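Please open the model in your viewer and keep the selection panel at hand. The stops below go from one selection to the next.

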Amino acid sequence: MNSHASLLDLRRVSQVYWSGGRSFTAIKDIDLHLEEGEFVALLGPSGCGKSTLLRIITGLQKPTSGRVLYRGEPLEGVNPHATIVFQTFALFPWLTVLENVEVALKARGVPAKLRASRALDLLDRVGLDGFETAYPRELSGGMRQKVGFARAMAVEPELLCLDEPFSALDVLSAESLRGELLELWIGGNIPTRAILLVTHNIEEAVLMADRIVVMDKDPGRVMTDFRVDFPHPRQRKDARFLDLVDRVYMILAGHTQPEHLELGTAPGEPGRTRALPHISIDDLAGLLEHLDAMPGNRADIYALARELRMSSDDLLQLIDAAELLGFATVAHGDITLTSLGQTFAEASIRSRKEIFATRLRRLPIFKWLMAMLQAADRKQLEWDVVQKALELEFHEEEAERQLETVINWGRYAEMLAYDDSSEIIFLEPGAGVSGPH
Amino acid sequence: MTTESGPGLTPRLFRLAQPLLRPFSWGDFVVLATLGVLLFLGVRLGLAVPEVLKASEISLAPGVLPYYAALSCGRMLAAYLLSLTFSLIYGTLAAKHQLAEKILLPLLDVLQSVPILSFLPVALLTFSAFLPLAVAVELAAIFLIFTSQAWNLTFAWYQSLRTIPRDLEEASTVFRFPAWLRFKHLELPFAAISLIWNSMMSWAGGWFFLMAAEMFSAGQRDFRLPGLGSYLQEAANQGSIESLVWGLGTMVCIIVLLDQLVWRPLLAWAEKFKLQMVESEHPATSWFYDALRGSLLLKALWQRLLFPLFAALDQMLLRCFGQPAERKVRETSRPWLRLALGGLGSLLLAVGLWEAGAFLWQVSFGQWAAILTGLGATLLRVTAAMVIALAWTVPLGVAIGTKPRLAALLQPLVQVVASIPATALFPVVLLLFLQFPGGLNVAAVFLMLLGTQWYLLFNIIAGASAIPRDLHYTSALLRQRLVDRWRTLILPAIFPYVITGGITASGGAWNASIVAEYVQFGGRSLSTTGLGAIIAQATAAGDYPLLWAATLCMILAVATINRLFWRRLFRLAEERYRLD
């Protein structure tokens, strides 16, 4: 196998969405290079534009700017040499397993006589013989994804794109399917030249890929790109494996910044408004309590993910919130409870709310909203008005989610009230007046 | 041979294991019987076409009913096929071209609220301009039925094209499905269930207007087509109760047969097009579908003849529409074409507006005043009909929806009664009401009610049966009084459904006013004050400016009421009273 020929080249690819006269950058200036023989994992938190990037690479979407080269040629339309295995399987529910694979062959113009035998052979290879006449709804998630793989193999793609293919499966079938895919890939049994795996599961990336590209969000960009150069089969208990997982967590969790950077600025002011992570406060309290019970009130983040059986993505969001509120600090892949976080974890429900409220008052987005409500007629504002104002900083969908989070947190802290039927946000009596500054 | 393989004698357990030993199943029996009956009917009808069919008079002899029924069904079928073709093309254009969408969707909205009966003289005049009168009348009737069938089908197709799940859409693009494969394996299957349901609705709407389409007068002339609709009207004109009963009986028979032999099997077959990835708990079933599926005869026919035929057709279509359907972003690459089309369109529109304006000028001041008075009267009547409909459908619908035992008893009955097109019942109602004080004025409300109450009833049943059991239990545990239970649970839960039904019902009532407020009955014509009466009279008198003005008024009224009243309630229902 000629393993150093260039397959795919992205040069300063950006995707910008416009809404209401303002633009939002989904991904910015991405350079990515893929060679034959590579298995690359694209890793990052949700919202970092991984899936957008995948759509651009397969030609489903045209980037706003930048160039996409495939084997040195600019990509026009859908890439005929690439295919996708979808997170949601994307099987046609009205076609049988066999027909689902056959239809891909039919679209390629394979003559009717060859189709059935080719499809049967593919199904055999992924271990689905005997299920040809079943409909997808009769199969388990793992088996459905096998059909998805068989269908993708049917078109003999040079570049196989996997869009979080294991994240909708249960733990065990995901693990066995990963093993089977690796077997096919390493054994060279498929004509595929390169695999691009989009995932937010850190262990999955370390387990499977030769190279990991780590992305960050706001805007989506490549943070770092490194090789994983120990041989397959990799063991999850191996020291090198654990070390690498720890390193990736370290990169993704980052370091707690000085407060003014961590908090960002208020909407409409110069500088970035910090997006609030969308977490539930109960989960946050649970995390803090867990840390409080640990020796030294600290934990290794990757170990924490295993203990709490959380996906890395959800855990990183919680940690993000804990940092933002000053309940914990993150350094070198470890999270440590602050004394405030410790107080919170040990406090009663009432006092927790008070602590939470004092922390919220420090967040620029809350200061901004409280000031607006104070100034407003009857101290109330319509949802739409606030959302429009937030849309100066976030795109429409994100603005809506931010406002949802703000109201959730504000309600918990008893600073805000919200009437769903009239869609009006109120100031809780007394909430805006007191409070130390 | 067939008696041996009756359902009682063939244990179905063995059929699968030893298909060759038992070549006939009860399914074959059904298939053979159906074929036999069809052949017999065809031969009988074909051999003995009575002369009356060619006469311009409508015969009331019961023996002529099968022919009339066949003719009416043929008209319905022709109109339905036309509607389906129209919907597929129009919906596809609207869904796939941004520019087209901007024009086609609002246009569809308008077309939907146009009182269909106003189309008839226009259609007739257009067709008779270049066709022999007999053909033109037939085509005009088919066109009228078409206008009552097409719009909801078009909306359904457009809606489902727009709501195809993104992952399936992307899979088809990534696997480079040619246009034909995309249509066959993605778009059509995804739309199937919605299309079937809407087809059933379209047929119901078609029966409603069939009555009016087969017998009408425009200007000084009467047009009548032999058919079930004209039979019923003629029966009413002559006041023959016996013929009315015969006609209605035939109608009910046809509707029940279609339901059992066409729609139920289709729905059972369409189960596989459900998108959900779990087996449904209450799949649609049909005995006829099971019979067809179990039939070995049909299987042999399918394998030997139909399958190769379809495969060849599939191959041919794949060759014709074999280009990968890539979304073209280059619509702007031919600006001159767009400019030219746009210019031509605006010119035609301007000319049309000018002509229409000049037309309206001919309507006198007195006529405008009459139109406004009529508008008020019809509005009152529509409101009355809606209030009466709500008053009885809410209690009954909730009772049926919440009590499974009652539902099992009443549901089939209600379905049969509801399936009789209201226009077929008009003559019966008139015979009754015209003897009482109030006459047509009251009868018209009742006639509107007949046509519209079912939308409400069925929606309310659906809403009431969607209330989760645990909410009922909670309400019982809280020992809520009946009034409180209605206020806190039942009314909020059925509210969205009432609104959905109400929108359709109110539109339908406006439309029905045309047939309800002006009737030709027993050789004389009766009318009452109302917008519908003005439209109907203008049609009969051939006063086209007045017809045009009154129709325009009705469109505006319906559209305004929809926008200002129903849409708001609908939004409220969607946001506040959703149970999910």
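The tour starts with a sheet, passes to a pair of domains and ends at an interface, and the model throughout is a predicted one.

Begin in chain A by selecting the strands S6, S7, S8, S3, S9 and S10, which in that order form an open sheet of 6 strands with mixed pairing. At its edges stand S6 (82–85) and S10 (221–227) of chain A, each of which has a single partner strand, so one side of each is left without a neighbour in the sheet. If you look along the sheet, neighbouring strands are turned against each other by 20 degrees on average, direction ignored.

Next, restrict the selection to S3 (residues 39–43) and S9 (residues 211–216) of chain A, which run parallel and are joined by 4 bridges. Within this pair, A:Ala41 is the residue to label, together with A:Ile212 of S9(A), which stands opposite.

Now add helix H1 (residues 50–58) of chain A, which packs on the sheet and touches S3, S6, S7 (159–163), S8 (194–199) and S9 of chain A. The direction of H1 makes about 155 degrees with that of S7(A).

Moving to chain B, colour domain 1 (58–289) and domain 2 (356–576) separately, as given by the domain assignment. The centres of these two domains of chain B, taken over C-alpha atoms, are separated by 21 Å.

Finally, show both chains, where 23 residues of chain A are in contact with 21 residues of chain B. On the side of chain A that touches chain B, S6 and helix H2 (97–107) of chain A each supply at least two residues, and the largest share, 4 residues, comes from H2(A). Coloured by class, that side of chain A shows 16 nonpolar, 5 polar and 2 charged residues.

Key:
Residues are numbered from 1 along each chain as its sequence is written. Chains are lettered from A and ligands numbered from 1 in the order in which they are written. This is a predicted model: local features need pLDDT of at least 70, side-chain atom pairs count only at pLDDT 80 or more; totals for chains, interfaces and linings use all residues. Two strands pair if DSSP finds at least two bridges between them. Axes are lines fitted to C-alpha atoms, for helices over the stretch in contact, and angles run from 0 to 180 degrees between N-to-C directions. Two residues are in contact if their C-beta atoms, placed from the backbone, lie within 7 Å. Domain bounds come from an automatic or database domain assignment. Ala, Val, Leu, Ile, Met, Phe, Trp, Tyr, Cys and Pro count as nonpolar, Asp, Glu, Lys and Arg as charged, and the others, Gly among them, as polar.
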